[in-house]
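Welcome! Here is a short guided tour to follow with the structure in view. Take it one topic at a time and look up each residue as you go.

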Amino acid sequence: MNDSRTILDRSVLGPDLPQVPFDHPFRVQFSDWLREHGPAGEEPLDQRRRFAYRRAWQRALAEGGWAGIAWPTEYGGHGATPLTQFMQYEEFALAGVPEPANTPGIILLGPTLMVHGSEELKQRFLPKILAGDEIWAQGFSEPDSGSDLASLRTRATLDGDQWRINGQKIWTTFAQYADFCFVLARTDPGSERHRGLTLLICQTRQPGVTVRPIKQISGDEEFCEVFFDDAHAPAAWTVGGVGGGWQTAMTLFQFERSDQGYTDHGRLLVRLEHARRRLRGIIEVHPERLSAFELASFRARFAELWIRCQELRLLNLRMAVIAESGESVSSAGSVTNLVWGELEKDVAQFDADIAGGDGITRGTAAAHHQLASRAASIYSGTSEIQRNIVAERLLGLPR
Amino acid sequence: MLTDPIADDSGRDIRSTVRRFLNEHASSAQTRHAASMPDGIDPALSKRMTDLGWLAIGVPEELGGADFGLRNQAIVFEEIGRALVAAPLLASAALALPMLVAGGDTELAPRIVDGSSLGALVSGQGGPWAGVSSLRATADGPGYVLDGTARLAVDGHRADVLVILASLAGRPAVFAAESIASGLTIDEVPTVDATRTLARVSFGACPARLITDDQARIAAGLDASTALMSAEMIGGAERALELTIDYLLTRHQFGRPIGSLQALKHRTADLAVSVSLARELVYHGADLLDAGITDGRGAVLTATLVRAAEVFEHVTGEAIQLHGGIGFTEEHDIGLYYRRALVMRGLVESPVDGRARLEGLLEI
């Protein structure tokens, strides 16, 4: 690994925050570790190499004791509080290191297992999730059940001590690399909507499971279709009880909505800082390349995006403060999700515009980010679904 | 709104106490009545709030204050903004006083805090943030004299103490003058907002006392004013949105409340998000001032001012649309909020100027 990774000054994040100060011992210690142990070089754009890079990075993090710090100590974490997680994400961003390969396992599936899984399941799966030894995917959405998840049709029937699963999932992130998949299936054949669903753990490498990656507009294949034809899953690997699938899934969504935010304002502010430097470079070296109008427009867009990043930072801090006090972030996570999803797209577009021709050239980071960013306001609940949640659950408008 | 930056017990106590008081003494009927009076304000209301000590919260003890932090002072101004109080509280306690506090002025600050004087902030073209004020100060014996004309001084005609931002040898400096000083002409300028009046102030060799020419102190004073003024604006935006949500719940068309229509729901959700984010900025700015954090503070406070002004105007404009026909009638309160928003947006500096200033601070 690298012996001196460049780390941006914390002022890139905005002003110091009294709740998570820049001189906090956690920040200083973790940042020192990152400087010494952070992965070498830039993350590859090619997806297979990128996944390998992130997997190696997760192993390094786990060996250093810095993976899944929010997990309880009994499962290999530090029991770190949300404010400490907030600091860790900011330090990750300043060091320019990616998230570890098995992020869905660390922030969603592992924590859901901790809440709803049996002790046996926790012992069997949690350590390997953390170490990156086993990769996990989340099988929820189906071709005809996206925003309306409760209409899902994948079914599982009990056959002795095994579930037999039949149906299809889609938009399953990194299923092609996954060893295990959470499958939300209808286990009560006569049931409708939210009732009669069960969450199962299914091994993906078995004859009854076929994974077909979906090529995206960015060229990545981050999402997959997963087909189940009499796939087997042990009955003992049921999470949250038979018929308890909807509630278990809701637990997972809460983790998803609340955590998404902590991660991303720092990364966006760092991306903006790189765009700023690039723009300053053009102004200083090739001012003739920019018309007065373009320059004024770039400056105005930068300032607006900086304000929005600061707003997201404060929103994330608010969520962390709420979680720190032991309360649930609940539907307020939808606000974070909405603000982040729209901002992610706009920062990526700004970045690509500043990059000029590079922004539309295949194989460049700017072009890749812009294309990939379109997913941000769609997955984990579209912006429109988040607006419904905000309007109905937080503002009390009728359904 | 969607998140609450006021999470501590004392902050919530202040909020509920002030809100209860204003519900009783500054209802929209009372505000409309005060605005229709010749003087256009309710002097008794300012006096009661001053007597209760609510304008001294953010002021240090040595200047006659309670030293309870700008965050808590911002809570009071958010409530004042919600109620659209027709009284010179903003001018005196949010605009003039912070400059005197930042300058450490032991003579005038306590007079404003205890209500024996009313203050107003006067600045030249481009507002208090313009790098060089169009008002000029020149040394005159042991003191100074001021020259130039300032528009848009909130409640300038009501004040007995003027706090003036002027250029002294090309750098900003803060001065004070009594409103009865020689060489001073003050004319009321009515605005589209019946609850807020402005003044044009002309100086012709007007004698004035230097409060401070320390740039860090001036910046701190302006940042404090920004936080309080933004709190007032966001309070207005928040209340306008609440009135709108009430209307969406009660107005029925097509046999159902119009708030169940997704087109209106989504717009309302976006408005609520914008108000909530701007509120977070306001209290963040106040926290930075209370914690004495200076790095990056100017950029955040500038962003706060820009956002508060834009969000207030946008939310109240949308609120009229969401109310339909009743929204643009004189009798409905929502129009009061919109007109207040227009005046605030045009008052201190245009959001475009604020954005230009922010670009400079961010070194883009």
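Let's start with a pair of facing residues: Ala156(A) stands opposite Ile165(A), which belongs to strand 3 of chain A. Keep in mind that this is a predicted model. From this pair we move through the strands of chain A, then to a helix residue, the nonpolar cores, and finally the spaces in the structure.

**A hairpin in chain A**

- Strand 2 (residues 155-159) of chain A pairs with strand 3 (residues 162-173) of chain A in the antiparallel sense, over 5 bridges.
- How many residues lie between the strands of this hairpin? There are 2 residues between strand 2 of chain A and strand 3 of chain A.
- Look for Gly160(A) in this hairpin, where the residue takes a positive phi near 65 degrees.

**Strand 5 of chain A and its partners**

- Strand 4 (residues 180-186) of chain A runs antiparallel to strand 5 of chain A, and 7 bridges join them.
- One place to look is Ala185(A), whose bridge partner in strand 5 of chain A is Thr198(A).
- Strand 5 of chain A also pairs with strand 8 (residues 238-239) of chain A, again in the antiparallel sense, over 2 bridges.
- Here Leu200(A) stands opposite Thr238(A), a residue of strand 8 of chain A.
- Why can strand 5 (residues 197-203) of chain A be called largely enclosed by the rest of the structure? Because 6 of its 7 residues are buried.

**A threonine in a helix**

- Thr251(A) has its place in helix 6 of chain A.
- Is Thr251(A) buried or exposed? Its relative accessible area is 17%, and buried means under 20%, so Thr251(A) counts as buried.
- Setting aside neighbours within four places in sequence, Thr251(A) is in contact with Val115(A) and His116(A).

**Nonpolar cores**

- The largest nonpolar core holds 186 residues, and those touching the most other members are Leu113(A), Ile201(A), Trp306(A) and Phe77(B).
- Trp306(A) makes a good example to trace: not counting residues up to four places away in sequence, it touches Leu269(A) and Leu272(A), along with Ala299(B), Val300(B), Ala303(B), Leu358(B) and Leu362(B).
- There is also a second, separate core of 23 residues, with Leu135(B), Leu168(B), Ala173(B) and Val201(B) among them.

**The second largest pocket**

- This pocket has a volume of about 900 Å³.
- Its lining is made up of 39 residues, and Gly296(B), Gly298(B), Ala299(B), Leu361(B) and Leu362(B) lie nearest the centre.
- Which elements give two or more residues to this lining? They are helix 6 (245-285) and helix 7 (292-324) of chain A, together with helix 7 (215-250), helix 9 (297-323) and helix 11 (351-361) of chain B.
- Sorted by class, the lining of this pocket has 20 nonpolar, 10 polar and 9 charged residues.

**Cavities**

- Searching the whole structure turns up 3 cavities of 30 Å³ or more.
- The largest cavity has a volume of about 100 Å³.
- Residues that line the largest cavity include Leu17(A), Pro18(A) and Gln19(A) from chain A, and Tyr283(B), His284(B) and Asp287(B) from chain B.
- Helix 7 of chain A and helix 8 (262-291) of chain B each supply at least two residues of this lining.
- Helix 8 of chain B gives the largest share, 4 residues.
- By class, the lining of the largest cavity has 6 nonpolar, 2 polar and 4 charged residues.

Terms used: Residues numbered from 1 in each chain as written. Chains lettered and ligands numbered in written order. Predicted model: local features only at pLDDT ≥ 70, side-chain atom pairs only at ≥ 80, totals over all residues. Heavy atoms only, no water. 1 Å grid on protein atoms, 1.4 Å probe; cavity = no way out; pocket = protein on both sides within 12 Å on 5 of 7 lines; lining within 4 Å. Points joined across faces, edges and corners; volume = space filled by probe spheres on them. Nonpolar A, V, L, I, M, F, W, Y, C, P; charged D, E, K, R; others polar. Core = buried A, V, L, I, M, F, W, Y, C linked by side-chain atoms within 4.5 Å. Buried < 20%, exposed > 50% of the residue type's maximum accessible area, 1.4 Å probe, protein only. Contact = heavy atoms within 4.5 Å. Pairing = 2+ DSSP bridges.
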